[in-house]
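Here's a quick look at a model with its sequence alongside. Where should you look for the protein–DNA surfaces, and how do two neighbouring helices pack?

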2 protein chains.
Amino acid sequence: MELPKDAVLADDKDINSQLNFYQKEDQVLLAVDCIIFGFDKTNLKILLIKRNFEPEKGKWSLIGGFLKKNENLDQAAIRVLRTLTGLSDIYMEQLYTYSKVDRDPGQRTISVAYFALIDVESHQFDGIQIDSARWFDLGEAPSLIFDHGKMIQKAISRLQRRAMTMPIGFELLPEKFTMRQLQNLYESILDKKLDKRNFINKINSLDVLIKLDEKDMTVSRKGAYLYVFDKEKYEKKVAEDGFSFKL
Amino acid sequence: MELPKDAVLADDKDINSQLNFYQKEDQVLLAVDCIIFGFDKTNLKILLIKRNFEPEKGKWSLIGGFLKKNENLDQAAIRVLRTLTGLSDIYMEQLYTYSKVDRDPGQRTISVAYFALIDVESHQFDGIQIDSARWFDLGEAPSLIFDHGKMIQKAISRLQRRAMTMPIGFELLPEKFTMRQLQNLYESILDKKLDKRNFINKINSLDVLIKLDEKDMTVSRKGAYLYVFDKEKYEKKVAEDGFSFKL
DNA sequence: AATTGTAGTGTAAAAATAACACATAAAAAT
DNA sequence: ATTTTTATGTGTTATTTTTACACTACAATT
């Protein structure tokens, strides 16, 4: 077998060695790209930026950045999100790693996609640090650079599945919300209409919301009761009864 | 802002630039590690190797290798699997990317885990190319290096979910199999007993198996009918009726 | 002919899901 | 003061899905 000059050789001769050489030239740049979902009490949205740097300057893209040597990917994703939006303590989850050789025409880059969930209204003035950042309604987003469109599609699928099996919808809502807002959220995520009574019955049967005395008067004359997600109760149920959130 | 000597700077001054510098020193090695599931008509197993190279020489681990510049991650995973087992045309799926800074004490490595499904008996002599490779029953596997144990746990969860929602179980069985073998497989994957009649009724209601005239006589005097998965029928149903495999 | 061990089969109860419509509250307009 | 307006809030029934459960059939071996 021929060895490149800078190969580092494992100390044995068998087939393991073939796989465990590495070469400086096989090092790659690892990026993180963040799909940021937001909800404004009516529509599910996604935050995009107009790139003011090459390649693909002027086109819309996800926010992203490069992994640094002294951090792991979760930390990189958190850093990227904070640098852009000023936000921390945001739900984030690793989605998938994209590695097509020519996905970025400029240089070989592998990108680990993350998605984040934020409540648009509570956070909208916290400081979106890039002038060119904009919320787009899902489905009205412009076409994106590289494989970012594919990333978003996968993120939506993941979000749909998560929403049905975990209480992550609340990450997209303000602390206090009405049943109608919660239903709007689920309809946006799942992209289909739900039956109001069935939805409320289902939510109530889970028994993890607290109904407040307070009402939201902004939408109807009658007003709608506000609810909060009872995280402690939820976690207690999970721990004690093997309860699992299934909508 | 201070720039490292070898930084490549984006061409604008705003916050984007902070994230879009990169430095040669931020390049990393990307590994792939493969969780190989096998089934031998009775038990779900996992293929491990005893490392004969440093670090952690002599300990058990998943098979793995490094991503090369001219391939994507799927290709790297396929290559690693083929090099070890001689197998190709195997179901593989990307699982998750592991990036803890000190996960590999030897060097900074980020690893993308894949899992593969193979039928042990059809393939057992195809050539496991490493003497030190061995099948372990799930749950009897030794403790593993680095974060490989965590990878396996995640792979099992993913496999459980996939098995319930996609026809991937058949990847673990020979082309012809009995209902009992199929049930054994699902019991192994889900790690729980299933009711025989309910299982068969459910499978039959999906209407994607072909019952052969042939019987497997190796287990009982009476013999058990063999079935094959009708992939064309399955795909046609998915395409035409929006059918989805749910067990 | 009797024994042995797995294969093969159906029904009824329970639970979950889906379908469905009207009265109520409170502000705004008259 | 009365009427209008608009979204809120609420329960029952039918349908579908899931679960529980036990005996006969077969074919080889003794």
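## Around DNA strand D

H6(A) gives the most to the surface near DNA strand D, with five residues. Helices here are DSSP H or I runs of at least four residues and strands are E runs of at least two, numbered from the N terminus. This is a predicted model, where local features need pLDDT of at least 70, side-chain atom pairs count only at pLDDT 80 or more, and totals for chains, interfaces and linings use all residues. Residues are numbered from 1 along each chain as its sequence is written, with chains lettered from A and ligands numbered from 1 in the order in which they are written.

Of the 21 residues around strand D, the nearest are A:Arg180, A:Arg197, A:Ser220, B:Arg221 and B:Lys222 (near means a C-beta atom, placed from the backbone, within 6 Å). By class, this surface has 10 charged, six polar and five nonpolar residues (Asp, Glu, Lys and Arg are charged; Ala, Val, Leu, Ile, Met, Phe, Trp, Tyr, Cys and Pro nonpolar; the others, Gly among them, polar).

## Around DNA strand C

Strand C is surrounded by 21 residues, and A:Arg197, A:Lys222, B:Arg197, B:Ser220 and B:Tyr225 are the closest. For this surface, H6(B) supplies the largest share, five residues. The split is 10 charged, six polar and five nonpolar.

## Two helices in chain B

B:Leu159, B:Gln160 and B:Ala163 of H4(B) meet B:Tyr186, B:Ile189 and B:Leu190 of H5(B) (contact means C-beta atoms, placed from the backbone, within 7 Å). In this contact, five residues are nonpolar, one is polar and none is charged.
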